[in-house]
Amino acid sequence: PVDRLPEIQAARLKLPVLGEEQVIMEAVRENMCVVLCGETGSGKTTQIPQFLYEAGYASGDGIIGITEPRRVAAVSMSQRVAMEMNMSTRVVSYQIRYEGNVTSDTKIKFMTDGVLLKEIQKDFLLQKYRVIIIDEAHERSVYTDILIGLLSRIVPLRRPMKLLIMSATLRVEDFTENKKLFPRPLPVIKVDARQFPVTVHFNRRTPTDDYVGEAFRKICKIHRMLPPGGILVFLTGQAEVHSMCRRLRRAFPFRSNRGSLIYLNLNHFCIYKLNISPFGDEDRQAGIGDEEDGSDLDLELGDDPGDEGLEKCDPMLPLYVLPLYSLLAPEQQGKVFRPPPAGTRLCVVATNVAETSLTIPGIKYVVDCGRVKKRFYDRVTGVSSFRVTWTSQASANQRAGRAGRTEPGHCYRLYSSAVFSDFQEFSEAEITRRPVDDLVLQMKDLNIEKVVNFPFPTPPSMEALVAAEHLLVSLGALEEPPRDMERVRLSCPITPLGRAMAAFPVAPRYAKMLAMGKQQGCLPYVITLVAAMTVREIFEETDRPAASEEENAKMAQRRARLGQMRRLWAGQGASLLLGDLMVMLGAVGACEYAGCTPKFCQENGLRYKAMLEIRQLRGQLTTAVNAVDPEARLYLDAKMAPPTESQVLCLQQIVLAGLGDHLARRVQVEELLDPKWHNGYKTPLLDSPVFIHPNSVLFKTLPDYVVYQEVLETSKMYMRGVSAVQEE
Ligand code: ADP
Ligand code: MG
């Protein structure tokens, strides 16, 4: 029996999935696996676990598990459901990589997909779960895909276990029509969301590159001229989000004395209305494309007074501006769900996280830049880069849909309909776009020797599988295949070292370092290094473009100071060899010594959230090391004394063991044929030079040989996490 507050009950009744409760629960009763499709905001994530709970799926000792591709969603949804059910977070809990509040009383457990994958390694049959819900399956995250593949085999062995796959789009054929995965097509339940019409306005022209400026002008116009209602802006990354927030706050500061509001009859200006039916792409396409009508916001809202005019203009109503992106601290993220202060208009400036996993209440206007920032990997060289590209039509429509949740809304697309029609229809599954060495190791540990035969919803490329197997063999995690037996190449069995590595929740290269770290009391340092390399981006971004001269000067000053700190953390003598890795160790040590406070992090250019995650991951890795080797009897000494000289040399060997194929040799002067190689390094796989970044402590030293954590292509091919290799 669930005792909900009356206002919660009333709000629930308005959600589309409530009307389908009988149908859904009957399908679940009759089938092992069911697919549920419903537009974002229809109530899938918050309500389905409650239906299952009330139908008794968590009575006795079975529990309900629900996976999310994003940590933000796992945390915030568990809290929301606990609140709706009027239950303790001891019962409705979450577990993400770095933390959780699961107890022995937990009945509904939200977790990231990676967490469930790890649990399968410990207990292949997932005995403690009665139901597994895979949420946001349309996002096609790598772990979600793999989980669906594994669960397709586990569920039949675990009758009467149930599997529910939930998707915000109807594009589920990769799961339902994939005979290798599920021999019989799965039943699909569609929930028709009550979606209010969203009028889509395309720009007549697509602005060249300044979509951020264009977005700013649109927001200003909406705020100045259109009736109340929240604004949700989609940009591509954290730096953009922040600079937009600053700009908006400057343009529309809080004022206590409000001016009067001018209401425009929007319908008067609407050129065409599109009813964004939840899934009917056909309907959607129909209305789009007739730009001769002049569907620019400009036309509807009068002449563009220009940027200057807008910044100076007197705001009618304060704008309550909030950022939203995955790396943002949870307290900050939580703000978007709370009502804005009375007499203000909410404006959320977000990255892709707001596209499907979170529903922000009260959004009436969406401003969509049409782009997305993604990490791209070169399949052969492993070099990665973040690139901003056009998003897919499916994503753009998801974004637009965010505007019509509570009343009719408007979506302003900062690109033309011609550009939209050139977008790819759907975004590709992540598994086809990234290296798969971690997955292959995990699968081998599950005794899936022939990974090529695994029932992937979408298989990774052959090249990626071969590269992964190759790396794992070179790390000693898989047995070397007998020579001249090409065909067994993709079925090398796992070694005992591989099993030990698979027990660590980090990438195989780092797992190898942990497995080797026992010498000379190095383990605490290796754990810290691995934690810092896994959490990534431990330093605040300092290279972003400044908005003004003054800011520029301030940032230069700050960079100089942070550079000084890094040199200090890099230490003296032998420890200098470890380069950027020593900086990571020093930064973590200094931060812990200072009690890991937000103030210390702020002053020293460290990302507070990253430091907390490193602390948690260090704890987990320490536990994992003790579990693999009870003799180790390691405990976590957060502060750590700096390593001794012999430890530094030992650490260097350990790092080399994990990153051995990431070796680069400095190009000697006599080899310099082309000026582009000046200060460059040669790597085995790349034809072009790679460089040490000016932020690296080794930038001035330029050692002859280095190993690097990764190569990231920005303005140049830069190595990150560089340490020197001593010549014998
Ligand atoms: P779906 O999973 O289908 O996208 P959700 O279950 O996440 O839908 O959300 C259903 C509704 O619950 C949303 O439309 C929103 O109004 C409300 N909701 C969800 N999370 C919160 C929250 N943290 N605070 C307030 N309302 C929320
Ligand atoms: Mg959801």
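**Ligand shell, sheets and helix packing in the predicted model**

In this predicted model, the shell around ligand 1 draws at least two residues from each of two helices, H4 (44-54) and H5 (71-85). Of these elements, H4 is the one that gives the most to the shell, with 4 residues. The shell comprises 16 residues, of which Gly41, Lys44, Thr45, Thr46 and Phe337 come nearest to the ligand. When the residues around ligand 1 are divided by class, 10 are polar, 3 are nonpolar and 3 are charged.

The two helices that contribute to this shell also pack against each other. The axes of H4 and H5 come within 10 Å and cross at roughly 55 degrees; angles from 65 to 115 degrees would count as roughly perpendicular and those under 35 degrees as roughly parallel, and the two helices are therefore oblique to each other. The crossing of H4 and H5 is right-handed. On the H4 side the contact is made by Thr45, Thr46, Pro49 and Gln50, which meet Met77, Arg80, Val81, Glu84 and Met85 of H5. By class, this contact of H4 with H5 consists of 4 nonpolar, 3 polar and 2 charged residues. Thr45 and Thr46 thus appear in two settings, being among the residues that come nearest to ligand 1 and also among those through which H4 meets H5.

An open sheet of 7 strands, paired in the parallel sense, follows the order E3-E4-E2-E5-E6-E1-E7. Its edges are formed by strand E3 (92-95) and strand E7 (188-191), each of which has a single partner strand, so that one side of each is left without a neighbour in the sheet. On average, and with direction ignored, neighbouring strands of this sheet are turned by 20 degrees against each other. Within the sheet, strand E1 (residues 33-38) and strand E6 (residues 162-167) pair in the parallel sense over 5 bridges, and Val34 has Leu164 in E6 as its bridge partner. Helix H7 (residues 142-157) packs on this sheet and touches E1, strand E2 (63-68), strand E5 (129-134) and E6, with its direction making about 145 degrees with that of E5. In the loop between H7 and E6 lies Pro160, which is joined to Arg159 by a cis peptide bond with an omega of about 0 degrees.

A second open sheet, of 4 strands with antiparallel pairing, has the order E17-E16-E19-E22. Strand E17 (681-682) and strand E22 (723-724) are the edge strands of this sheet, each pairing on one side only. Strand E16 (residues 663-666) and strand E19 (residues 705-707) run antiparallel and are joined by 3 bridges; in E19, Val707 is the bridge partner of Leu663.

Two further helix pairs were examined. Helix H20 (residues 508-516) and helix H21 (residues 523-535) pack at an angle of about 170 degrees, their axes being 9 Å apart, and this angle makes H20 roughly antiparallel to H21. Tyr510, Met513 and Leu514 in H20 meet Val526, Ile527, Val530, Met533 and Thr534 in H21, a set that divides into 7 nonpolar residues, 1 polar residue and no charged residue. The loop between H21 and H22 contains Glu537, which has a positive phi of about 45 degrees although it is not a glycine.

For helix H22 (residues 549-570) and helix H23 (residues 579-593), the axes come within 7 Å and cross at roughly 95 degrees. Because this angle falls between 65 and 115 degrees, H22 and H23 are roughly perpendicular to each other. The contact is made by Arg566, Trp569 and Ala570 of H22 together with Gly579, Met582, Val583, Gly586, Ala587 and Ala590 of H23, and the residues of this contact divide into 6 nonpolar, 2 polar and 1 charged.

Technical notes: Residues numbered from 1 in each chain as written. Chains lettered and ligands numbered in written order. Predicted model: local features only at pLDDT ≥ 70, side-chain atom pairs only at ≥ 80, totals over all residues. Near = placed C-beta within 6 Å. Nonpolar A, V, L, I, M, F, W, Y, C, P; charged D, E, K, R; others polar. Pairing = 2+ DSSP bridges. Axes fitted to C-alpha atoms, helices over the stretch in contact; angles between N-to-C directions. Contact = placed C-beta atoms within 7 Å. Parallel < 35°, antiparallel > 145°, perpendicular 65-115°, else oblique. Left-handed = near helix turned anticlockwise from the far one by under 90°.
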